[in-house]
Amino acid sequence: MIPPTIALDDHYKGDAWEGMSIGPIVEDIDGTPTPPASACVSCRLQFREKRNKALGYTFQSGTAVPGTGTITITSASLYTFNIPEQVLPLPAGDWVWDFETTDAAGLPITWVQGTMRVVQDKSYG
């Protein structure tokens with residue numbers, strides 16, 4: 001499955017990012033939208049620099065890790081998630097991102113991907 005691509009709004013460097021909600025995620029089973037069979041146990045969203053794919057920042061579920069943003073799994077069975085507003089420490093540039101879950105069977109799936117441009121804020125160094 002090739003995940004759909006979403007272009008996020010431009011973001012000013014150093015500003016709080018508005019975050020996002022994802023889900024519910026469904027699969028097309030013979031024309032019927034159906035949640036994945038196995039519950040989600042973890043997820044992550046990573047921003048990588050568009051040209052060289054260098055990791056810029058990671059959001060993840062579970063225990064908070066210094067230097068990593070947080071994602072809340074609001075429903076493991078319906079695959080709904082929330083990334084709250086928080087500082088996004090990315091330098092100015094063009095970024096690509098993807099959102100991946102791991103289910104109870106240990107299988108990872110990338111559900112959505114996208115792009116975002118971080119613009120240099122004139123008042124932020």
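Three salt bridges were found in a search of the whole structure, which is a predicted model. In one of these, the side chains of Arg-117 and Asp-10 meet with an N to O distance of 2.5 Å. The pair joins distant parts of the chain, with Arg-117 in strand S14 (residues 108-119) and Asp-10 in the loop between strand S1 (5-7) and strand S2 (11-12), 107 residues apart. Arg-117 is partly exposed, its relative accessible area being 42%. Asp-10 is likewise partly exposed, at 47% relative accessibility.

Arg-44 and Glu-100 form another salt bridge, in which the closest N and O atoms are 3.7 Å apart. This pair also links distant parts of the chain: Arg-44 belongs to strand S7 (residues 40-49) and Glu-100 to strand S13, with a separation of 56 residues. A relative accessible area of 34% makes Arg-44 partly exposed. A further salt bridge connects Arg-51 with Glu-49, the closest N and O atoms lying 3.5 Å apart. The two members of this pair fall into separate accessibility classes: Arg-51 is exposed, with a relative accessible area of 75%, whereas Glu-49 counts as buried at 15%, because the cut-off for a buried residue is under 20%.

Strands S4, S11 and S10 form an open sheet in that order, with antiparallel pairing. Strand S4 (20-22) and strand S10 (72-75) stand at the edges with a single partner strand each, so one side of each has no neighbour in the sheet. From one strand to the next, the twist averages 25°. Three bridges support the antiparallel pairing of S10 with S11, and three bridges likewise occur between S4 and S11, again in the antiparallel sense.

Asn-82 of S11 is a point of contact on both sides: Thr-72 stands opposite Asn-82, and so does Ser-21. Thr-80, also in S11, is the bridge partner of Ser-75. S10 and S11 form a hairpin with four residues between them, and Tyr-79 in the turn of this hairpin has a positive phi of about 55°.

The turn residue Tyr-79 also takes part in ring contacts. Seven aromatic pairs were found in a search of the whole structure. Among them, Tyr-79 and Phe-81 form an edge-to-face pair, with 6.2 Å from centre to centre and 85° between the planes. Tyr-79 counts as buried at 2% relative accessibility, and Phe-81 counts as buried at 3%. Phe-81 pairs in addition with Phe-99; the ring centres are 4.9 Å apart and the planes stand at 65°, so this pair is edge-to-face as well. Because Phe-81 lies in strand S11 (residues 80-83) and Phe-99 in strand S13 (residues 93-103), the contact ties together parts that are 18 residues apart in sequence. Phe-99 is buried, its relative accessible area being 0%. Strand S13 thus holds Phe-99, a partner in this ring pair, and also Glu-100, the salt-bridge partner of Arg-44.

Elsewhere, ring pairs link Trp-17, Phe-47, Tyr-57 and Phe-59 into a cluster.

How values were computed
Residues are numbered from 1 along each chain as its sequence is written. This is a predicted model: local features need pLDDT of at least 70, side-chain atom pairs count only at pLDDT 80 or more; totals for chains, interfaces and linings use all residues. Side-chain values use heavy atoms; hydrogens and water are left out. Rings of Phe, Tyr and Trp (its six-membered ring) pair if their centres lie within 6.5 Å; planes under 30 degrees apart count as stacked, over 60 as edge-to-face and the rest as tilted. Buried means under 20% relative accessible area, exposed over 50%, partly exposed in between (1.4 Å probe, protein chains only). Helices (H or I, at least four residues) and strands (E, at least two) are DSSP runs, numbered from the N terminus. Two strands pair if DSSP finds at least two bridges between them. Axes are lines fitted to C-alpha atoms, for helices over the stretch in contact, and angles run from 0 to 180 degrees between N-to-C directions. A salt bridge is a side-chain nitrogen of Lys or Arg within 4 Å of a carboxyl oxygen of Asp or Glu.
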